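Me: I have a structure to get through and some basic questions about it. Can we go one topic at a time?

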Amino acid sequence: MQEYEVVVIGGGSAGLAAALSAYENGLNKILIIEKNSSLGGILNQCIHTGFGIHVFNEQLSGPEYAQRFIDKLDNTSIEIKLNSYVTKIDKDKTIYYSNDAEGFQVIKAKSIIMATGCIERTPGAIKLEGERLSGILTAGLAQRYLNIEGYLVGKKVFILGSGDIGLIMARRMTLEGAKVLGVAEIMPYSNGLRRNIAQCLEDFNIPLYLSHTVKEVKGKDHVEQVVICQVDENKNYILGSEKTFDVDTLILSVGLLPYNNVLEDLGVQMSSTKGAVVDENYQTSIEGIFACGNALHVHDLVDYVTKEAMQAGLGASRYVKGLLKHGKYIETKNKNGINYVVPQKFCLQNIDKEIMFKFRVTKPFQNVKILIQDGDRTIKSIKKMFLLPSEMENISLNLSELKDCKSLSIEIMED
Amino acid sequence: MKNLTCIECPRGCNLTIDDNLKVTGNFCIRGQKYALDEISNPKRVVTSTIKIKSLEVVRLPVKTSMPISKKLMFTILKYLDNIQIEAPIKCGDVIIKNICDSGANLIATRTILK
């Protein structure tokens with residue numbers, strides 16, 4: 001049976017960075033298993049710019065960002081299996097995958113890095129009312145049709161949800177000749193980056209209807225009309241506020257969920273982010289199995305995916321070399337105003353200099369403090385003018401700040 | 001006076017530019033340049049895809065090598081409808097020089113080997 005030091009599952013932004021990092025940290029027998037016919041993952045369909053400002057100090061398009069990593073593979077011993085799908089992993093790190101050329105294969109790994117990305121929430125996931133008509137698509141699917149296959153899925157479009165992909169698609173479809181009549185967002189604030197509201201909606205005078213959702217989709221076989229309605233603070237319809245739009249397409253940009261079916265089958269401990277519970281090296285509850293990128297928690301910037309995946313690759317290399325220590329874990333807790341924190345636990349003995357905590361707030365805040373505490377002791381307090389749920393926050397703590405730390409919690413302190 | 005959202009990085013600073021062209025609210029120097037451009041001649045990087053003869057893909061992603069005047073965006077996109085290219089092509093290759101007199105080159109943003 002073929003045996004690898006590390007097998008990376010997924011060849012997108014997280015998988016590429018994790019594999020390269022494992023290689024740069026001394027591992028040689030590395031395999032990337034990718035289900036698609038090319039590396040790069042979703043970056044290949046994200047043809048707009050805005051990637052790489054933190055990693056390369058440049059504004060790159062998605063394919064360019066991926067290409068930087070793909071080009072680096074050339075001078076390494078990293079093996080690639082394309083068009084290959086992993087169906088199962090055993091606790092002893094036996095991996096089962098299949099593809100057209102090799103059929104069904106079983107391999108062994110000393111360590112595994114899960115970099116399987118995320119999936120889009122569907123009409124069913126948000127209980128969209130009305131007929132199941134053609135012309136209702138998720139934003140990422142519409143993006144794939146347009147940017148990879150070259151098909152514009154509609155001419156008159158309404159978008160539900162103000163997630164970044166929805167905003168990007170509003171601009172992209174407008175530029176390719178479609179008329180985007182509006183974007184409805186059920187929350188009273190946008191779920192996309194501020195710059196995307198500016199350059200994707202305001203640039204083209206596309207209205208954003210906050211506290212609105214789609215009440216009904218009408219049509220025979222195909223979408224013909226979308227009815228939106230304002231909602232109150234409990235997300236109940238405010239009757240009489242309905243607006244009707246004649247459209248042929250409804251695009252949904254209503255959130256992403258980490259994709260972890262293989263990990264779930266394996267019985268790895270999962271968290272509220274729908275990703276695995278991980279430690280400072282992004283190791284899951286099963287030793288030697290790591291998780292990173294959008295499979296762990298949904299990021300808004302690929303740069304942070306890269307950095308996280310590099311840490312996971314370093315972690316896997318340390319694990320294979322027997323360098324990871326088995327110390328006591330300290331749990332990180334999310335308190336008032338914090339939705340989640342990654343990593344969920346850490347072991348001080350395995351931290352070189354510093355550790356980065358990533359988290360999201362539960363709702364928008366203005367002029368507040370982020371408090372990081374060890375019991376009653378404040379480790380750090382950071383003033384913030386704005387905090388939005390759509391923007392992932394990160395805070396690094398160095399070892400001296402964590403000295404004698406017994407617990408760690410992050411919370412928002414309002415005046 | 002005008003309020004703008006900076007699009008230069010994900011931070012998205014809230015910029016204010018007053019009648020004397022003084023920019024405030026910017027975290028870095030990019031914000032100042034963006035605000036000044038935005039009130040005189042707003043510019044954007046245009047990204048799209050063009051047809052490609054290849055065994056691997058049917059569309060090649062492209063972008064302008066620098067931000068171009070917003071007014072030219074739709075002109076450039078219309079122009080791209082009739083462009084076709086053949087693999088191999090390397091990420092960064094110039095496909096059209098000074099596209100639609102915008103001052104920017106159109107460049108490939110993905111490597112397609114065959």
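Me: How many salt bridges does the structure hold over all chains?
Reply: The structure holds 23 over all chains. A salt bridge here is a side-chain nitrogen of Lys or Arg within 4 Å of a carboxyl oxygen of Asp or Glu. Side chains of opposite charge can pair when their charged atoms come close.

Me: What kind of model is it, and how is it labelled?
Reply: This is a predicted model, where local features need pLDDT of at least 70 and side-chain atom pairs count only at pLDDT 80 or more, while totals for chains, interfaces and linings use all residues. Residues are numbered from 1 along each chain as its sequence is written, chains are lettered from A and ligands numbered from 1 in the order in which they are written, and side-chain values use heavy atoms, with hydrogens and water left out.

Me: Ok, the two chains. How many residues does each give to the contact?
Reply: Chain A gives 32 residues and chain B gives 27. Contact means heavy atoms within 4.5 Å.

Me: And what area do chain B and chain A bury?
Reply: About 2500 Å² between them, with 54% of it on carbon and sulfur atoms. On the chain B side, Pro10(B), Thr47(B) and Arg110(B) lose the most area to chain A, together 23% of what that side buries. Buried area is the accessible area (1.4 Å probe) that two parts lose on being put together, summed over both.

Me: How many salt bridges are there between chain B and chain A?
Reply: The count is 3. One of the cross-chain pairs is Lys70(B) with Asp203(A), whose closest N and O atoms are 3.0 Å apart. Lys70(B) lies in the loop between β7 (68–69) and α2 of chain B, and Asp203(A) in the loop between α5 (194–201) and β13 (208–210) of chain A. Helices (H or I, at least four residues) and strands (E, at least two) are DSSP runs, numbered from the N terminus.

Me: Which of those two residues is buried, and which is partly exposed?
Reply: Asp203(A) counts as buried because its relative accessibility is 16%. Lys70(B) is partly exposed, with a relative accessible area of 22%. The cut-offs are under 20% relative accessible area for buried, over 50% for exposed, and partly exposed in between (1.4 Å probe, protein chains only).

Me: Which residues are linked with them in a network of salt bridges?
Reply: Glu38(B) and Arg44(B) are linked in a network with Asp203(A) and Lys70(B).

Me: Switching to chain A alone. Where are Arg318(A) and Asp352(A)?
Reply: Arg318(A) forms a salt bridge with Asp352(A), the closest N and O atoms being 2.4 Å apart. Arg318(A) is in helix α7 (residues 302–320) and Asp352(A) in the loop between β22 (345–346) and β23 (354–361), 34 residues apart in chain A. Arg318(A) is buried at 14% relative accessible area, whereas Asp352(A) counts as exposed at 52%.

Me: What domains does chain A have?
Reply: The assignment gives domain 1 (1–120 + 255–324), domain 2 (122–254) and domain 3 (327–415). Domain bounds come from an automatic or database domain assignment.

Me: What separates the centres of domain 1 and domain 3 of chain A, and what do they bury?
Reply: The centres, taken over C-alpha atoms, are 26 Å apart. Domain 1 and domain 3 of chain A bury about 1600 Å² between them, 49% of it on carbon and sulfur atoms. Across that interface the rule finds 3 salt bridges.
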